[in-house]
Amino acid sequence: MKGIRICPLSSGSSGNCILIQAADCTVLVDCGITGKSAQTELVRAGVDPNSIDGIIVTHEHIDHISGVGILCRRFNIPVYATLGTWKAMIDGLGKINPMLIRYIAAEVPFSINGATFHPFSTSHDAAESIGLKFTDGEKSGAVATDMGTVSKHIYDLLSDCSIMLIEANHDENMLIRGPYPAKLKERILSDHGHLSNKLCGALCAKLVREGSLRKIMLGHLSSDNNTPRMAYETVTNSINATGFTVDTDIELYVAERYCMGEELTDK
Ligand SMILES: [Zn+2]
Ligand SMILES: [Zn+2]
């Protein structure tokens, strides 16, 4: 394949599974949906499950791993994760062939079939969570969800990405006024939780204005504390304030659960 592609097979608090293609490499970032759903969505995305080169797991939360074991066993797919994530998730995956276990570490790039992946640490409340930048050698993209906050280092790393799936988890007011227990609200709003629409908008605006970002997919929306429309409008307003305009200069989409059909490519 020429260029790079990000296709969310499913995104949101209830299950995340993102297809990435770059050079001759096809991987899934997380599989927090059932094996059956993942297979169905892969076929819809035009990808044979037998051609998957790896599943890269960002962290052990159930919305990211529930289908990992099944897919790994069914199609003999290597699973990549940090040591901390492996320790935290291994009991939940079922039996995994040791030959398919791959260890990765934040800030240590690794290659699969011509694509290079650069994992970076995120401040999410998991054992050793990562986000992922990838490149085919020419174009770069990233999957950046479950972020908590965005450090200068992460910002610098993402600045040359042209396409990105990025977290717009919640609307702050909706979360604060909503039904969640105080402790959970605190966690989500903290630097170890999730990026709000507003923080996402600020990051997108900066990456558009100062970086290379041109195509954006908002993801990991909370079904209780956000709506696709609120996420889209908040981020649009932030971007439009930069002098770049959504639709004219910037492609902006919202990924929903089993949203198939919308994807980002840069060729
Ligand atoms: Zn998480
Ligand atoms: Zn998550």
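Student: How far apart are the zinc ion (ligand 2) and the zinc ion (ligand 1), and which residue coordinates both?
Tutor: They are 3.3 Å apart, and Asp146 coordinates both. Keep in mind that this is a predicted model.

Student: OK. Which protein donors does the zinc ion (ligand 1) have?
Tutor: His59 through NE2, His61 through ND1, His124 through NE2 and Asp146 through OD. They lie 2.1 to 2.7 Å from the zinc ion (ligand 1).

Student: And how are those donor residues spaced in sequence?
Tutor: The pattern for the zinc ion (ligand 1) is H-x1-H-x62-H-x21-D.

Student: What about the zinc ion (ligand 2), which protein donors are there?
Tutor: Asp63 (OD), His64 (NE2), Asp146 (OD) and His220 (NE2). The distances run from 2.1 to 2.3 Å. Along the chain, the spacing reads D-H-x81-D-x73-H.

Student: Why is the arrangement around the zinc ion (ligand 2) called irregular?
Tutor: Because its four donor atoms subtend angles of 90 to 168 degrees. A tetrahedral call needs all angles between 85 and 135 degrees.

Student: What angles does the zinc ion (ligand 1) show among its four donor atoms?
Tutor: They run from 85 to 178 degrees. The site of the zinc ion (ligand 1) is irregular.

Student: Back to the donors. Is His59 buried or exposed?
Tutor: Buried. His59 has 0% relative accessibility.

Student: And what does His61 count as?
Tutor: Partly exposed, because its relative accessibility is 22%. The cut-off for buried is under 20%.

Student: On the zinc ion (ligand 2) side, are Asp63 and His64 buried or exposed?
Tutor: Both Asp63 and His64 are buried.

Student: New topic: cavities. How many of 30 Å³ or more does the structure hold?
Tutor: Two. The largest has a volume of about 40 Å³. The second largest has about 30 Å³.

Student: Which residues line the largest cavity?
Tutor: Asn16, Cys17, Ile18, Val29, Asp30, His64, Val143, Thr145 and Leu165. His64 is also a donor to the zinc ion (ligand 2) through NE2.

Student: How does the lining of the largest cavity divide by class?
Tutor: Five residues are nonpolar, three polar and one charged.

Student: And which residues line the second largest cavity?
Tutor: Val29, Asp30, Thr58, Ile130, Gly131, Val143, Ala144 and Thr145. Two elements give two or more residues to that lining: strand E9 (130–135) and strand E10 (140–144).

Student: What about residue classes in the second largest cavity?
Tutor: Four nonpolar, three polar and one charged. Val29, Asp30, Val143 and Thr145 appear in the linings of both the largest and the second largest cavity.

Student: Switching to cysteines. How many disulfides does the structure hold?
Tutor: Zero. Cys200 is in none, and its nearest cysteine sulfur is that of Cys204, 4.0 Å away.

Student: Why is there no bond from the sulfur of Cys204 to Cys200?
Tutor: Because 4.0 Å is too far for a bond. The cut-off for a disulfide is a pair of sulfurs within 2.5 Å.

Student: Is Cys200 buried or exposed?
Tutor: Cys200 counts as buried, because its relative accessibility is 0%.

Student: And Cys204, buried or exposed?
Tutor: Buried, with 0% relative accessibility.

Terms used:
Residues numbered from 1 in each chain as written. Chains lettered and ligands numbered in written order. Predicted model: local features only at pLDDT ≥ 70, side-chain atom pairs only at ≥ 80, totals over all residues. Heavy atoms only, no water. Donors = N, O, S within 2.8 Å, 3.2 Å for Na, K, Ca; no water. Tetrahedral: all angles 85-135°; square planar, octahedral: opposite > 155°, others 65-115°. Buried < 20%, exposed > 50% of the residue type's maximum accessible area, 1.4 Å probe, protein only. 1 Å grid on protein atoms, 1.4 Å probe; cavity = no way out; pocket = protein on both sides within 12 Å on 5 of 7 lines; lining within 4 Å. Points joined across faces, edges and corners; volume = space filled by probe spheres on them. Nonpolar A, V, L, I, M, F, W, Y, C, P; charged D, E, K, R; others polar. Helix = DSSP H or I, 4+ residues; strand = E, 2+ residues; numbered from the N terminus.
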